[in-house]
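Q: I have just opened this one and don't know my way around yet. Could you walk me through it?

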Amino acid sequence: MKLALLGDDDEAIALARAAIDSGRHELVWAGEFGDRQRVAERLNEALAVEGDDWELLAGGVADAAIVATGSETARRADQLRLLVQSGVAVCVTNCGALGPIVCYELDMNRAETQSPLVPFLAERRHPVIARIAEWIAQPDDDRSPGTIRQIVLERGVADTRAANVVQVLSRDVDLVRAIVGDVTRISAVGVPQGDASPDRDFAGLNVYLTTTRGTTVRWAIDRQLAAAGGRITLEGERGRAVVAMNDERWSLLFDADDAEASASEESFPPWRPAEVVLANLEAAVAGRAFSPDWLDAARGADVADMVEVSLRRGRTIDLYNETYSEQGTFKGVMGIAGCGLILLALFTLLGAALGQKTARFLGFEGLAAAFGHWHYGLLAVLVAFLLLQLLRFVVPKTATKAGDKAEAD
């Protein structure tokens, strides 16, 4: 498969390196680097394909593009729209930086064009995540901590500014969803009151995420942890389990409450998320199901975006996990327009009666007669509105997602 690299964050470079090392893919275009020397050191001879005109990607120069969101999110959003609408397979790093509106818009574009769109999310695929998700689903297992009473997810960050912390949270929301289901409520505390700003200090942020299982997960920043490191703590009725997420080295420590039982620690093979995401990209291009998908990334961005809302209002925010589509948007717009027309009819009736009385009082009989025909104008507007409803039969229905098809099978 011919690949292109647009941008140069660490994840995008790691993915490009993994693709080249696999021997199954070729890097045919690379560009828009902030630090060319760093990229050259990581990709070596592959950087000989560096280019300037990124729009070539939409013309079919590459079969798939690796896009690093970076700091120019508005530009990247425009580029992603064009690539997805052009049918180019795309893998996007740092999806949370795009924000939920852009993520859902790209999902609608993806559904319309059936373009493969893959987020750089991999941690939910680690074997230990499946292990603790099984523990929670089956608390009677003697090898588990039992019924889980509390879950805490702590994350180390290098930059505690709001924009960076929210992006980290959007990724961890995917972990929470993989372990205990969709997030239905969010409450954020620990940040001094102030105007929302991407540069505001979120060092003390604590976020409480309530899920469909009724379980509440506390997410917090731990400045004692290494940047990008993390820790998941599960307090159960029979003991305590701690998952340490340190670069490629993940481990699981289980300390039972039984005084006669000793703590056990399990280490896992080196974890390379770039290889997992590469496998997802290959599956997407081949039309096979993969996980997590783009809607998972959009859900994470949506939940993380509610942090500022919760802080501003000082209360818990409910989440509805809606799926957006062009047909749903059209129906929503038509519903709003219909309510507006009902109000228009009411005010038109009152306005026409007042205008007719005023015209007759002033002796303008012709104008009064014109006001008497107001209902014909309103009828024309209502008929036009009803005809607009037929547009939904012109727009083709969105095809079922590959992931949904797989589940149905």
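**A walk through the model**

A: We can start at the end of a helix: H6 is followed by Gly181, whose phi is positive, near 95 degrees. Please keep in mind throughout that this is a predicted model.

Q: Okay, how far apart are the end C-alpha atoms of H6, and what should its residues span?
A: The end C-alpha atoms of H6 are 26 Å apart, and this agrees with the 27 Å that its 19 residues should span at 1.5 Å a residue.

Q: And is H6 mostly covered or mostly exposed?
A: H6 is mostly covered, since 15 of its 19 residues are buried.

Q: Let's switch to pockets. How much space lies in the largest pocket?
A: The largest pocket holds about 1300 Å³ of space. Its lining is made up of 43 residues, and those closest to the centre are Asp9, Asp10, Glu11, Arg171 and Ala228.

Q: Which elements give two or more residues to that lining?
A: Those elements are helix H1 (10-22), helix H6 (162-180) and helix H7 (273-285), and H6 provides the largest share with seven residues.

Q: What classes do the lining residues of the largest pocket divide into?
A: There are 17 nonpolar residues, nine polar ones and 17 charged ones in that lining.

Q: What volume does the second largest pocket have?
A: The second largest pocket has a volume of about 500 Å³. It is lined by 25 residues, and Ala162, Ala163, Val166, Gln167 and Pro198 are the ones that lie nearest its centre. The elements that give two or more residues to this lining are H6 and helix H8 (294-313).

Q: And how does the lining of the second largest pocket split by class?
A: By class, the lining of the second largest pocket has eleven nonpolar residues, nine polar residues and five charged residues.

Q: New topic, cysteines. How many disulfides does the count come to?
A: The count comes to zero disulfides.

Q: Why is there no bond between Cys91 and Cys95?
A: The closest cysteine sulfur to that of Cys91 is in Cys95, and because the two are 7.6 Å apart, they are too far from each other for a bond; a disulfide would need the sulfur atoms within 2.5 Å.

Q: Is Cys91 buried or exposed?
A: Cys91 is buried, with a relative accessible area of 0%. Cys91 belongs to one side of strand S4, along with Ala89 and Thr93, while Val90 and Val92 are on the other side, and all of these residues are buried, so that both faces of S4 are covered. Five of the five residues of S4 (residues 89-93) are buried, so this strand is largely enclosed by the rest of the structure.

Q: How many bridges join S3 to S4, and do they run parallel or antiparallel?
A: Strand S3 (residues 64-68) is joined to S4 by five bridges, and the two run parallel. Within this pair, Ala68 stands opposite Thr93 in S4.

Q: Then what about S10, how many of its residues are buried?
A: Five of the seven residues of strand S10 (residues 230-236) are buried, so S10 is also largely enclosed by the rest of the structure.

Q: Which strands sit alongside S10?
A: Strand S6 (residues 148-155) is joined to S10 by seven bridges and runs antiparallel to it, with Val152 standing opposite Thr233 in S10. S10 also pairs with strand S11 (residues 239-246) in the antiparallel sense over seven bridges, and here Ile232 stands opposite Val243 in S11.

Q: How many residues does the hairpin use to join S10 to S11?
A: The hairpin joins S10 to S11 through two residues.

Note on methods
Residues numbered from 1 in each chain as written. Predicted model: local features only at pLDDT ≥ 70, side-chain atom pairs only at ≥ 80, totals over all residues. Heavy atoms only, no water. 1 Å grid on protein atoms, 1.4 Å probe; cavity = no way out; pocket = protein on both sides within 12 Å on 5 of 7 lines; lining within 4 Å. Points joined across faces, edges and corners; volume = space filled by probe spheres on them. Helix = DSSP H or I, 4+ residues; strand = E, 2+ residues; numbered from the N terminus. Nonpolar A, V, L, I, M, F, W, Y, C, P; charged D, E, K, R; others polar. Expected span 1.5 Å × (residues − 1). Buried < 20%, exposed > 50% of the residue type's maximum accessible area, 1.4 Å probe, protein only. Pairing = 2+ DSSP bridges.
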